[in-house]
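Me: Hi! I have a model open and would like to talk it through with you. Could you take a look?

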Amino acid sequence: MTASSSSPSSEARTALAAGVLCYLIWGFVPLVFQQMAHQGADAWEIMGHRAVWGLVWSLVLVVLARQWSQVLAVLREPKVLGWLSLSAVLIAGNWTTYIVAVNNGRTLDASLGYYLNPLLNMAAGAWLFRERIDWAGKIAMGLAAIGVVLQTLALGHAPWVSLVLALTFAAYGIIRKRVSVDAQTGLFLECLLLALPGLIWLIHIESTGAGHFTASAGATFWLLFAGPATVIPLALFAWAARRMPLSSMGFLQFLAPTIVFIIGALQGEALGPLRIASFVFIWLAVGVFAVGAVMKVRRSSRTAETIVAPEPGLLDDPAEDRMAALDDEAPSSR
């Protein structure tokens, strides 16, 4: 009895630790990209290495998870492969925008983009999938809209970096929601599609002397680190999301943009009163969103609809997995 009761508790603590760790990695990953920039690499070179070494590390995940059958099945489906090609383009645009932002003094803009993302997902769900938005969602989106307006006034123009990050990842999420491919397989195929142009670009810049991969030991280390920095958080997220309440994952998802915000503030990015006010409204929206998500989970003992928004390119939907499992169990329960 003691062993059986302590095992789930131990697994829950391990899942929480894995969830926190994956969002910590996503929160501190701007520092990794900034180190690559300090070695002389620009966003395109970093993207090339992220695609190539991400392919290597995602291949390891596919092998460990024994998912070759799913990979081969997708490769035999032109329509599914076509949708994944589109998702690869979207995630490449998202990753590139993020790298450019954090390496050019726009880390606060990147933070805002990922605060907005879950709220934009909610709006997209209502528009495209006719999902009902409750009172908490409506208040959260209203507060976020005020925050964006204040951000626009503070910057003197629309926060394009934040909006591009939020919109590209929302579009990416919509595609991945419609394509039945899990996180590891999807990331592997996306990296596979991006790796060829990435490799061609890396060979070109290295052959012309513009590359930095072999410039120094430090450059080699940081550019190689693009692979695990992309794939390891995915493995942690996918493992934790299936073993944690979705309400908990819903709270954890805001850990990463909060860390990114702190990094931007500590690095001296402009943060005047109006911009602070805009983030206050965003944080209020996040708080209302999180409270509404918890209340939604408590109202339903069988399904959970909390939106979990991982770092771009690492999307998995544990809610769909659990709903599918419930559907499988339904005939026997009746």
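Reply: Happy to; we can go from the overall fold to single residues, bearing in mind that this is a predicted model.

Me: Great. How many helices and strands are there in the chain?

Reply: The chain has 14 helices and zero strands. Read from the N terminus, the order of elements is simply α after α: α-α-α-α-α-α-α-α-α-α-α-α-α-α.

Me: And what share of the residues is buried?

Reply: Of the 334 residues in the chain, 49% are buried. As for the outside, the chain exposes about 15,800 Å², and 68% of that comes from carbon and sulfur atoms.

Me: What about contacts between residues 24 or more positions apart?

Reply: Taking the contacts with a separation of 6 or more, 85% are between residues 24 or more positions apart.

Me: OK, salt bridges next. How many does the structure hold?

Reply: Two. One is between the side chains of Asp-109 and Arg-106, at 2.6 Å from N to O. The other joins Arg-275 to Asp-109, with the closest N and O atoms 2.4 Å apart. Through shared partners, Arg-106, Asp-109 and Arg-275 become one network.

Me: Which helices do Arg-275 and Asp-109 sit in?

Reply: Arg-275 is in helix α13 (residues 273-299) and Asp-109 is in helix α5. The two are 166 residues apart, so this pair links distant parts of the chain.

Me: Are the three members buried or exposed?

Reply: Arg-275 and Asp-109 are both buried. Asp-109 has a relative accessibility of 1%, while Arg-106 is at 31% and counts as partly exposed, because buried means under 20% and exposed over 50%.

Me: Sticking with helix α5, what does Ser-111 touch?

Reply: Leaving out residues up to four places away in sequence, Ser-111 touches Pro-257, Val-260, Phe-261 and Phe-279. Ser-111 is found in α5, which spans residues 107-128, and counts as buried because its relative accessibility is 1%.

Me: Let's switch to aromatics. How many aromatic pairs does the count come to?

Reply: The count comes to 13. One of them is Tyr-23 with Trp-26, an edge-to-face pair at 5.2 Å centre to centre with 75 degrees between the planes. Both residues lie in helix α1 (residues 2-38), three residues apart, which is about one turn of the helix. Both are buried.

Me: How do the rings of Trp-222 and Phe-225 meet?

Reply: Edge-to-face as well, with 6.0 Å between the centres and 85 degrees between the planes. Here the burial reads as follows: Trp-222 is partly exposed at 21% relative accessibility, and Phe-225 is partly exposed with a relative accessible area of 30%.

Me: Which residues do ring pairs link into a cluster?

Reply: Phe-33, Tyr-98 and Tyr-114 are linked that way.

Me: And what lies over the face of Trp-95?

Reply: That's Arg-50, at 4.1 Å from the ring centre.

Me: Back to helix α1 for a second. Which residues form the nonpolar patch on the surface?

Reply: Leu-21, Leu-24, Phe-28 and Leu-31 do, and together they have about 310 Å² of accessible area. Leu-21 is placed in helix α1 and counts as partly exposed, with a relative accessibility of 41%.

Me: I also wanted to check the backbone at Arg-66. What is its phi?

Reply: Positive, about 55 degrees, although Arg-66 is not a glycine. For background, most residues other than glycine have a negative phi.

Me: Where does Arg-66 lie?

Reply: In the loop between α2 (43-65) and α3 (68-75). Arg-66 counts as exposed because its relative accessibility is 74%, and exposed means over 50%.

Me: One more loop, then. Where does Ser-180 lie, and how far is it from Val-80 in space?

Reply: Ser-180 is in the loop between α7 (160-178) and α8 (183-207). From C-alpha to C-alpha, Ser-180 and Val-80 are 8.5 Å apart in space, with their positions 100 residues apart in sequence. Ser-180 is exposed, at 75% relative accessibility.

Me: Thanks, that gives me plenty to look at.

Methods
Residues numbered from 1 in each chain as written. Predicted model: local features only at pLDDT ≥ 70, side-chain atom pairs only at ≥ 80, totals over all residues. Heavy atoms only, no water. Phe/Tyr/Trp six-rings, centres within 6.5 Å; stacked < 30°, edge-to-face > 60°. Helix = DSSP H or I, 4+ residues; strand = E, 2+ residues; numbered from the N terminus. Buried < 20%, exposed > 50% of the residue type's maximum accessible area, 1.4 Å probe, protein only. Lys NZ or Arg CZ within 6 Å of the ring centre and 35° of its normal. Contact = heavy atoms within 4.5 Å. Areas by Shrake-Rupley, 256 points an atom, 1.4 Å probe, with all protein chains shown as cover. Patch = residues over 30% accessible without salt bridge, like charges linked within 9 Å, V, L, I, M, F, W, Y side chains within 5 Å. Salt bridge = Lys/Arg side-chain N within 4 Å of Asp/Glu carboxyl O.
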